[in-house]
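Grab a viewer and work through a few packing exercises on this one. Try each task yourself before reading its solution.

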Amino acid sequence: MQISDVRDDIADELISREEIHGKIKEVAAQVSEDYKNTYPLLVAVLKGAVNTMAIFSQEVSIPVQIDFMTLSSYGAGTESSGKITVRQDLGCDVAGRDVLIVEDIIDSGLTLEWLVKELKSRGAASVEVFALLEKPARRIAEVDVKYKGFTIPDEFVVGFGLDYDEKYRNLDSIAVLKPEVYQA
């Protein structure tokens with residue numbers, strides 16, 4: 001096995017660590033204000049949103065509950081299959097709760113559309129979305145995103161929790177892979 005630096009496979013950094021942290025802090029301040037009289041449940045989809053959830057939950061200044069789901073629609077490819085598989089469900093009941101989905105990226109929107117409908121069908125009082133990244137060029141399903149991070153071009157991105165074949169999640173920025181990495 002060849003040992004290398006993950007940055008060797010990066011073509012371009014789109015969003016720096018500092019920009020990511022600044023945007024998350026800004027959104028967390030707004031969420032803290034909007035939910036100041038409630039006890040919201042923050043839900044993140046693993047594994048991609050774990051970095052966003054970690055920083056975001058530390059920046060929110062109100063009491064929150066945190067939970068996770070594991071959903072899959074990608075496999076080892078670079079495009080969503082459109083079929084949602086629940087690999088791990090929430091550990092708590094959402095009935096009557098204000099739920100804020102903390103999302104890493106909205107690509108096709110199909111997974112998020114499914115998740116919003118699922119949480120509403122379970123009786124959530126409200127379901128809102130914070131998406132760190134949005135890729136409008138790939139959008140198939142329209143989902144209302146109340147708290148927005150960055151809009152990015154139609155390129156395959158990794159870093160800050162986002163992966164290609166379970167690699168590159170540990171980058172501290174959002175970056176574009178060199179095409180030869182995923183077209184090999």
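The exercises below cover ring pairs, a charge over a ring and a helix crossing, all in a predicted model.

**Exercise 1.** Work out how many aromatic pairs there are, and classify the one between phenylalanine 56 and phenylalanine 130.

*Solution.* Start with the count: two aromatic pairs. Next, the geometry: the ring centres of phenylalanine 56 and phenylalanine 130 are 5.1 Å apart, and the planes sit at 35°. Stacked needs under 30 degrees and edge-to-face over 60, so this pair is tilted. Now place the rings: phenylalanine 56 belongs to helix H2 (residues 50-59) and phenylalanine 130 to strand E6 (residues 126-134), so the pair ties together parts 74 residues apart in sequence. Finally, check burial: phenylalanine 56 has 0% relative accessibility and counts as buried, and phenylalanine 130 is buried at 0% too.

**Exercise 2.** Classify the pair formed by phenylalanine 156 and tyrosine 164.

*Solution.* The centre-to-centre distance is 5.9 Å, and the angle between the planes is 85°. That's edge-to-face. Both phenylalanine 156 and tyrosine 164 are buried.

**Exercise 3.** Find the ring whose face lysine 23 lies over.

*Solution.* Look at phenylalanine 150: lysine 23 lies over its face, 5.8 Å from the ring centre.

**Exercise 4.** Describe how helices H1 (residues 17-34) and H2 cross.

*Solution.* Take the axes: they come within 8 Å and cross at roughly 50°. That angle makes H1 oblique to H2. As for handedness, the crossing of H1 and H2 is right-handed. Last, list the contacts: H1 contributes residues including His21, Ile24 and Val31, while H2 uses Thr52, Ile55, Phe56 and Glu59.

Note on methods
Residues numbered from 1 in each chain as written. Predicted model: local features only at pLDDT ≥ 70, side-chain atom pairs only at ≥ 80, totals over all residues. Heavy atoms only, no water. Phe/Tyr/Trp six-rings, centres within 6.5 Å; stacked < 30°, edge-to-face > 60°. Helix = DSSP H or I, 4+ residues; strand = E, 2+ residues; numbered from the N terminus. Buried < 20%, exposed > 50% of the residue type's maximum accessible area, 1.4 Å probe, protein only. Lys NZ or Arg CZ within 6 Å of the ring centre and 35° of its normal. Axes fitted to C-alpha atoms, helices over the stretch in contact; angles between N-to-C directions. Parallel < 35°, antiparallel > 145°, perpendicular 65-115°, else oblique. Left-handed = near helix turned anticlockwise from the far one by under 90°. Contact = heavy atoms within 4.5 Å.
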